[in-house]
Amino acid sequence: MLETLSSLISSHSALGVVALFALFFYIGLFTLGGGLVGITLMQQVLVKNLHLIDEEMFYNMVAISESTPGPIGVNMATYLGTELYGVAGGVITTLGQVSPSIITIIIVARFFAKVQDKPLVKAAFSALRPATSGIVAVAAANVFVLSLLQIPQFKETGNIADMFNFQAIFFYIIGLVFLFKAKIHPIFMVILGGFFGVLFL
């Protein structure tokens, strides 16, 4: 089934457009806890299951989506859709990503006031908070590992020194020092990160 879905999306047919919308509707529907949760789900579905893009391209998209204005999950959906289907794909995936939230908000706005004090509702929210925190932590760890470590290179050579991207680690430490000691505004850190990444990495 996954191979069929991947082939359908890659075909750039009318059915492929529908499949692309449905795929991002699914991602948007189960994105509980914010954009980073959506990124984890996108990675699982688009990279590991469907193989529509590779790991490096995916995390380049994450970096760009985090550096541009707007919710990161929506930015990622727009970016991925544009990569797969052009501008029309960006519109399709964005609509697919935000539609479940819009529908859910309308329903919640209608009924939440009546059920917010119910024990089951309170219990559900109590369970969601730590679960989504864990998913966000996994997404952050994945970005960290891909940015600072070179696992594929280490697997090829077996040399522990090949595991570390020393240039990236150096700039990461410098960035932390500037962020916390010099108290530079985060937007300047994003700009500097992009600048040094283009020049040195």
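## A walk through the helices

Start by selecting Phe144, Ser147 and Leu148 in helix 6, then add Ala168, Ile169 and Tyr172 in helix 8: these two groups meet each other. Bear in mind as you click around that this is a predicted model. Colour the contact of helix 6 with helix 8 by residue type and you'll get 5 nonpolar, 1 polar and no charged.

Now zoom out to both helices, residues 119–148 for helix 6 and residues 166–180 for helix 8. Their axes sit 8 Å apart, and the packing angle is about 125°. That angle falls outside the perpendicular range of 65 to 115 and isn't over 145 either, so helix 6 counts as oblique to helix 8.

Next stop: the largest nonpolar core, which has 26 residues. Show Ile9, Leu23, Phe24, Met42, Phe58, Met76 and Leu80, the members that touch the most others in this core. Then colour the elements giving two or more residues to this core: helix 2 (14–29), helix 3 (35–49), helix 4 (55–67) and helix 5 (72–115). Helix 5 supplies the largest share, 7 residues.

Stay in the core and centre on Met76. Leaving aside residues up to four places away in sequence, what does Met76 touch? Pick out Ile39, Met42, Phe58, Met61, Val62 and Ser65.

Finish on helix 2. Run a distance from its first C-alpha to its last and you should get 23 Å over 16 residues, close to the 22 Å expected at 1.5 Å a residue. Then select Gly16, Ala19, Leu20, Leu23, Phe24, Ile27 and Gly28, which are buried in helix 2. Leu23 and Phe24 will look familiar from the core stop.

Terms used:
Residues numbered from 1 in each chain as written. Predicted model: local features only at pLDDT ≥ 70, side-chain atom pairs only at ≥ 80, totals over all residues. Heavy atoms only, no water. Core = buried A, V, L, I, M, F, W, Y, C linked by side-chain atoms within 4.5 Å. Buried < 20%, exposed > 50% of the residue type's maximum accessible area, 1.4 Å probe, protein only. Helix = DSSP H or I, 4+ residues; strand = E, 2+ residues; numbered from the N terminus. Contact = heavy atoms within 4.5 Å. Axes fitted to C-alpha atoms, helices over the stretch in contact; angles between N-to-C directions. Parallel < 35°, antiparallel > 145°, perpendicular 65-115°, else oblique. Nonpolar A, V, L, I, M, F, W, Y, C, P; charged D, E, K, R; others polar. Expected span 1.5 Å × (residues − 1).
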